[in-house]
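Me: Hi! I'd like to talk through a model with you, one piece at a time. Could you put it up?

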Amino acid sequence: MTDFDPANFANVGPKEFAQLVKSTPDDKIAEVMSGDLRGKILSEVFGRMPQLFRADRAGSTNAVIHWNITGRPDGGTDTYEVVIADGTCTVNETPQHDPKLSLTMGPVEFLKIVSGGANPVMMFMTGKLKAKGDLGLAANIANLFDIPKA
């Protein structure tokens with residue numbers, strides 16, 4: 001699979017997905033993420049987070065994280081809530097709690113981060129990723145998940 005085809009996204013594992021994101025030009029990812037398949041892709045990515053969560057690395061971490069992905073076709077933002085509590089990770093498509101950390105980024109940056117193809121700290125420093133709240137948690141978030149590398 002050499003082309004970023006979101007229709008096949010549900011059928012590929014995390015490593016294949018990471019490879020797909022890495023091998024696809026940013027403008028193509030942006031085009032796909034501003035179309036009809038955006039919701040399906042976001043739901044699939046967030047739906048995998050509980051399986052990729054590393055409870056052994058979380059320790060006593062209890063946190064609510066809001067992921068704000070900009071660039072919706074209507075100009076809006078999609079917000080997903082990730083709740084880490086008592087060694088588990090759950091995801092809500094509609095935020096229900098006040099966040100300890102809020103992350104805001106574009107769809108291309110989001111897919112690069114969750115596929116291990118970007119350095120979140122560098123993105124923060126260059127303004128491509130905005131973090132509000134617990135910055136220590138923001139710096140450690142990648143360690144809480146088994147992020148595949150392409």
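Reply: Happy to. Let's begin with methionine 105, which sits in strand 4; helices (H or I, at least four residues) and strands (E, at least two) are DSSP runs, numbered from the N terminus. Before we go on, this is a predicted model, where local features need pLDDT of at least 70 and side-chain atom pairs count only at pLDDT 80 or more, while totals for chains, interfaces and linings use all residues. Residues are numbered from 1 along each chain as its sequence is written, and side-chain values use heavy atoms, with hydrogens and water left out.

Me: Good to know. Is methionine 105 buried or exposed?

Reply: Methionine 105 is buried, because its relative accessible area is 2%. Buried means under 20% relative accessible area, exposed over 50%, and partly exposed in between (1.4 Å probe, protein chains only).

Me: And what does methionine 105 touch, not counting residues up to four places away in sequence?

Reply: Its partners are Trp67, Asn68, Ile69, Thr70, Phe110, Ile113, Lys128 and Leu129, with contact meaning heavy atoms within 4.5 Å. As for proline 73, that residue is 32 residues away from methionine 105 in sequence, and their C-alpha atoms are 15 Å apart.

Me: Let's zoom out. How many helices and strands are there in the protein?

Reply: Seven helices and five strands. Along the sequence the pattern runs α-α-α-α-β-β-β-β-α-α-β-α. The protein is as compact as a globular protein of 150 residues, because its radius of gyration is 15 Å, close to the 15 Å that the globule rule gives for that length. That radius is taken over C-alpha atoms, and the rule is 2.2 Å times the number of residues to the power 0.38.

Me: What box do the C-alpha atoms fill?

Reply: Roughly 40 × 30 × 30 Å, taken along the principal axes. Of the 150 residues, 39% count as buried. Among contacts between residues at least 6 apart in sequence, 68% join residues at least 24 apart.

Me: How about the accessible surface of the protein, what does it come to?

Reply: About 7700 Å², with 51% of that belonging to carbon and sulfur atoms. Areas like this come from the Shrake-Rupley method with a 1.4 Å probe, and for residues only the protein chains shown count as cover.

Me: Switching to empty space: how many cavities of 30 Å³ or more does a search of the whole structure find?

Reply: One. On a 1 Å grid over the protein atoms alone, a cavity is a set of points where a 1.4 Å probe fits but cannot get out, and a pocket is an open set with protein on both sides within 12 Å along at least five of seven lines; lining residues have an atom within 4 Å of a point. The largest cavity holds about 230 Å³ of space, where grid points are joined across faces, edges and corners, and a volume is the space filled by probe spheres set on the points.

Me: Which residues lie nearest the centre of the largest cavity?

Reply: Val45, Met49, Leu52, Val114 and Ile147, out of 16 that line the cavity. Helix 1 (14–23), helix 3 (38–52) and helix 5 (107–114) each give at least two lining residues, and the largest share, four residues, comes from helix 3. By type, the lining has 15 nonpolar, no polar and one charged. Here Ala, Val, Leu, Ile, Met, Phe, Trp, Tyr, Cys and Pro count as nonpolar, Asp, Glu, Lys and Arg as charged, and the others, Gly among them, as polar.

Me: And the largest pocket, what lines that one?

Reply: The largest pocket has 14 lining residues, and Pro120, Val121, Leu129, Ala138 and Ala139 lie nearest its centre. Helix 6 (120–125), strand 5 (129–133) and helix 7 (135–140) are the elements that give two or more residues to this lining. The pocket contains about 220 Å³ of space, and its lining divides into 13 nonpolar, one polar and no charged.

Me: Now some loops. Where does lysine 100 lie?

Reply: Lysine 100 is in the loop between strand 3 (88–92) and strand 4 (101–105), and at 41% relative accessibility it counts as partly exposed. Its C-alpha is 6.0 Å from that of aspartate 134, 34 residues away along the chain. Beyond its neighbours within four places in sequence, lysine 100 contacts Asn62, Ala63, Val64, Lys132, Gly133, Asp134 and Leu137.

Me: Last one: what is phi of aspartate 86 near?

Reply: Near 50°, a positive value in a residue other than glycine. Aspartate 86 lies in the loop between strand 2 (78–85) and strand 3, and counts as exposed at 71% relative accessibility.
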